[in-house]
Amino acid sequence: MPGGRLEAEATTLRRFSVVAEYAEPDDRCFVRHVALLRDDCRLQCGSDVEVWHVCPPVVAGERTGRAAPRDLQQCCAHAVGFLDDLTLDELAGIAITLAEIDDQTQPLDSPLKQYVVHPPVEWVTDCVTGTKRFRRFSCVGFVHECYDAGAGIRLLNLSEDMPQVDLTTLGAAYGEPVHRERIREQLGIVGKPPWSLVLPGYLMHSLSRSSTEIRKVPHVPSSVGEAAFPLH
Amino acid sequence: METIAPLFGDLTHAAMERRAGKLGEDSIEEQISAAKELPASAARDTLAALLRPAANPASCCSALQSLMASDEHKAAEFIVDQLCGEVPSSAWRNQLVLFAEVAQTSDETLRRRLKQRLLEITASLQESAEAEVRPVVCSAIRTYASLISPSEVETLTRFLDPPRPVETRLVTLQSIVHFYEAHPPQDASVPGALADRIAELAQKFLDRDWLVAGEKAAIGQSAAHALAAMGDARVAECVERVLSLGMPWVVRQLARKLESTLRIWQFKGVEDSDPPAQRICAQLRRLIQAPAGNPS
């Protein structure tokens, strides 16, 4: 099985591997954040590493990277997922998608202008013409889009209903502010709990399958328990 | 030029908190919750006070965010008035351009003034040597392209020129695709000079000798996509060129982009028998049927 929880001993990883950051570095392994590894590197559990991601802000290339402070261009790596046969062709495709996102990102200094939880990828359009202006992402949506648009690999079946998420789990993933209805609405989460939402851990479970299966079938999480990776 | 970096202070704070386990609780609360409870007149008063000459730019941004949350129309009006007036600093002008992309207004007068001003600002900033202006220029082009009508789309041609030194070709091509996805083309409505320049870019940037993954390849692909979205018959030549590259990722990505445009048009009621849709369908078939990685 490719990927898993990182160990104290460093592991060699290729660029565009997916790294996961836990909410707490404990045995629950609840994944709070996912990101793309920027370069080939050696990683051990808990090390900070440079990534392309939606922190927020979006950090997808030269422009968005320049606007973000250095520490927001990194995440703390606790687990990793990857396709061990990702081709040069697919890596090139992901690089193109990152370049496109880099030019499409709204750089205003408000996290909510770049960030959305539901749907995980959303175009903001002009209210009169309907012409697209820029995209907002969740951290999962960003990584999913890079693999989908870039490499033609759909990691999750986003058209399927996702497992129902209660407020406690939502808070674990996105923090205390989501306990307030107004904040949830800004993030695209409307109505009363539970909600059918994509959580970062689901992406890691998709990548823990065989390469053949990943390429053939987008993953559909079976329960909200997949918010943790690896499962116990 | 004044740097806009200090204006990212609030975001830094928010994102740092998120990394620590919170999604920027304090700053988001300040920006949204407090703003929504604040009367619009109070937010405007705050803004007016903050815009005194000695005002801190970060505080001005925060106040403007509050105004947007409480009264979006007034915020749009304020942004346009500010942009069209004498802007006290380049840093504040840049922030206003970014705010303009987020603001929404259906007021025709405001929209007309805004697009005219964005066009002027973009033309002027294109020649700036400051690296920091590129996101501002990109934002201005995206917003401008979202405001214009088919009779004005030709004005985007100037942003397809080589960098002067700011690179605007990729964002302009993407904006042209988005424009035609929202305004499906009719033969008479597509400006010839714009299509000619895009065809030229497609030819140059889809060149096997120097095509590498990254921005340049994205320009080539986006040019081919833009021609397809404009309903231009030269998309067939682009597809021929893409197939001859023998690079499966270019084939796959162009196919995905064409599929996406077709889906958007279908959602808008465009029939598959309409000539632009027919052209895309035909080229899509060629891309999908091509043996992966083999030159045609």
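Two residues are taken to be in contact if their C-beta atoms, placed from the backbone, lie within 7 Å. On this basis, in the predicted model described here, 70% of the contacts in chain B between residues at least 6 apart in sequence join residues at least 24 apart. Chain B contains 14 helices and 0 strands, and its pattern along the sequence is accordingly written α-α-α-α-α-α-α-α-α-α-α-α-α-α. Of its 296 residues, 50% count as buried.

Two parts of chain B illustrate this helical arrangement. Helix α9(B) comprises the 14 residues 169-182. At 1.5 Å a residue, a helix of this length should span 20 Å, and the end C-alpha atoms of α9(B) are 20 Å apart, so the expected and computed values agree. Burial is also pronounced in this element: 13 of the 14 residues of α9(B) are buried, and the helix is therefore largely enclosed by the rest of the structure.

The second part is a pair of packed helices. Helix α5(B), residues 72-84, packs against helix α7(B), residues 108-125, at an angle of about 40 degrees, and the two axes lie 10 Å apart. Because of this angle, α5(B) is classed as oblique to α7(B). The crossing of α5(B) past α7(B) is left-handed. On the α5(B) side, the residues that meet α7(B) are Ala76(B), Glu77(B), Val80(B), Leu83(B) and Cys84(B). Their counterparts in α7(B) are Leu110(B), Arg113(B), Leu114(B) and Arg117(B).

Chain A provides strand pairings, and those described here involve strand β6(A), residues 47-54. Strand β4(A), residues 31-37, pairs with β6(A) in the antiparallel sense over 2 bridges. Within this pairing, Leu36(A) has Trp52(A) of β6(A) as its bridge partner. Strand β8(A), residues 74-77, is likewise antiparallel to β6(A), here over 4 bridges. In that pairing, Val49(A) is positioned opposite Cys75(A) of β8(A).

A further antiparallel partner of β6(A) is strand β7(A), residues 58-59, to which β6(A) is joined by 2 bridges. Val54(A) stands opposite Val58(A) of β7(A). The connection between β6(A) and β7(A) is a hairpin that passes through 3 residues. Strand β6(A) thus pairs in the antiparallel sense with β4(A), with β8(A) and with β7(A).

Note on methods:
Residues are numbered from 1 along each chain as its sequence is written. Chains are lettered from A and ligands numbered from 1 in the order in which they are written. This is a predicted model: local features need pLDDT of at least 70, side-chain atom pairs count only at pLDDT 80 or more; totals for chains, interfaces and linings use all residues. A residue is buried if 20 or more other C-beta atoms lie within 10 Å of its own, exposed if 12 or fewer, and partly exposed in between; C-beta atoms are placed from the backbone. Two strands pair if DSSP finds at least two bridges between them. The expected span of a helix is 1.5 Å times one less than its number of residues. Axes are lines fitted to C-alpha atoms, for helices over the stretch in contact, and angles run from 0 to 180 degrees between N-to-C directions. Angles under 35 degrees count as roughly parallel, over 145 as roughly antiparallel, 65 to 115 as roughly perpendicular and the rest as oblique. A crossing is left-handed if the near helix is turned anticlockwise from the far one by less than a right angle, and right-handed if clockwise.
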